[in-house]
Amino acid sequence: MFMKKKILIINALLLLCFAFSSCGNKDSSKNSDSFEDSVESSVADGIYEIYYVNSDETGLATESYTPSNTSTYGIVRELTEKLAGTPKDVSMQKCIRNFSMVRSITINENEAVIDFTSDYYDVTGVSEVLRRAGIVKTICEVPDIDYVSFNVDGSSLIIDGTNPIGRMSSDTFIDNTGGETTYYQNVQVSLYYTDTKGEELFEARHNVEFDGTISLEQLVVSQLIDGPLDSDYLNPVIPSGTFIRKVSLKDGICHVDLSKDFLTPMENVSPAVTVYSIVNSLVEIKEVQKVQITVEGETVDKYLEKVPLSSPLERNLEIVKTDTAKNGGN
């Protein structure tokens, strides 16, 4: 049996909770539900909340603002400029150091993509996460925008040196009923591993606590790479040394780009088991309908000359053994 890493993937730096405070006419004692209701009502009146970091960098605070633009792009750009501007309350800190850091803003359907210069990486740890949360929460107030993605010099934002952050929503940074924001989320994910024969997949359900700095799709792939828990009584399905280059979701298709190590054959694991462990695990996420796997940014015609990867793949239940599936947990 293989030794497994703990399922928790938490950055200790992100163990913080902070209360939303605000300027002017906002009552900081309100719970998050009433706060969100008031934000929605204000947006309907053309009033947005610009999020800033509070003075001791323990949380976010807001100031109200009414954009002069009316188009989606115009509002997003104007709000981004405000995020880079000096707040009225000088004790607050802006989320973007200066607007010159913004290389471009692109609207892709319901997603705003902000491309920053490499200066973005000057801020790290909790300070970076707080500022990212403030930007995302501000931009996601725009009625037609559900997601925000960050690029740096044209490439996806990478915080841990390996894995891209991917797109984020307001829910990425959870507001609880106490009016606090935490970076921890508890979700149950279905992960598919194999047994010693390596010809079938078995479902393992894990309760995962993660900090919201990566997408759920990326979390699932990361867990597959880490391998099953000892309690699953199952074996890994991803070749050793494989790492994620990028994971993104668009129009129901999850695009997974892996390192070249993925092309290494595994002893006693069929190519179909490896491929569909990824596909079946990701399709368990309700937003994912198909999965496109690439290697080093390139499309692979057939994985290990066996499984076609030239087009997106749907779930394959024929390879899943359901009667003896093991359920794992933390």
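Hi everyone, let's begin with one residue: Phe116 has a relative accessibility of 0%, so Phe116 counts as buried. Please keep in mind that this is a predicted model.

Who sits beside Phe116? Phe116 and Phe150 form an aromatic pair. The pair is edge-to-face, with 5.2 Å from centre to centre and 65 degrees between the planes. Now look at where the two come from: Phe116 belongs to strand 6 (residues 111-116) and Phe150 to strand 7 (residues 147-152), so to speak a link between distant parts of the chain, 34 residues apart. Phe150 also counts as buried, because its relative accessibility is 4%.

Next come two tyrosines. Why is the pair of Tyr120 and Tyr121 called edge-to-face? Their ring planes stand at 85 degrees, with the centres 6.2 Å apart, and planes over 60 degrees apart count as edge-to-face. Tyr120 is buried at 9% relative accessible area, whereas Tyr121, at 35%, is partly exposed. Put together, Phe116, Tyr120, Tyr121 and Phe150 make one aromatic cluster.

Let's move to helix 3, residues 125-139. Its 15 residues, at 1.5 Å a residue, should span 21 Å, and the end C-alpha atoms lie 22 Å apart, which agrees. Is helix 3 mostly covered or mostly open? Mostly covered: 13 of its 15 residues are buried.

Now please find the sheet further along. Four strands form an open sheet with mixed pairing, in the order 13-14-15-16. Strand 13 (244-250) and strand 16 (298-299) are the edges, each pairing on one side only. Inside the sheet, strand 14 (residues 253-258) and strand 15 (residues 290-295) run parallel over six bridges. As one example, Cys254 has Val291 in strand 15 as its bridge partner.

Two helices lie across these strands. Helix 4 (residues 216-226) crosses strand 13 and strand 14, at about 145 degrees to strand 13. Helix 5 (residues 271-283) crosses strand 14 and strand 15, at about 140 degrees to strand 15.

What do we find in the largest nonpolar core? It has 42 residues, and those with the most contacts inside it are Val275, Ile278, Leu282, Val291 and Ile293. Helix 5 gives the largest share, seven residues. Setting aside neighbours within four places in sequence, Ile293 touches Val256, Leu258, Phe262, Val275, Ile278, Val279 and Leu309. There is also a second, separate core of 38 residues, including Val53, Ala84, Met101 and Met168.

Thanks for listening!

Definitions and conventions:
Residues are numbered from 1 along each chain as its sequence is written. This is a predicted model: local features need pLDDT of at least 70, side-chain atom pairs count only at pLDDT 80 or more; totals for chains, interfaces and linings use all residues. Side-chain values use heavy atoms; hydrogens and water are left out. Two strands pair if DSSP finds at least two bridges between them. Contact means heavy atoms within 4.5 Å. Axes are lines fitted to C-alpha atoms, for helices over the stretch in contact, and angles run from 0 to 180 degrees between N-to-C directions. The expected span of a helix is 1.5 Å times one less than its number of residues. Buried means under 20% relative accessible area, exposed over 50%, partly exposed in between (1.4 Å probe, protein chains only). A nonpolar core is a set of buried Ala, Val, Leu, Ile, Met, Phe, Trp, Tyr and Cys residues joined through side-chain atoms within 4.5 Å. Rings of Phe, Tyr and Trp (its six-membered ring) pair if their centres lie within 6.5 Å; planes under 30 degrees apart count as stacked, over 60 as edge-to-face and the rest as tilted.
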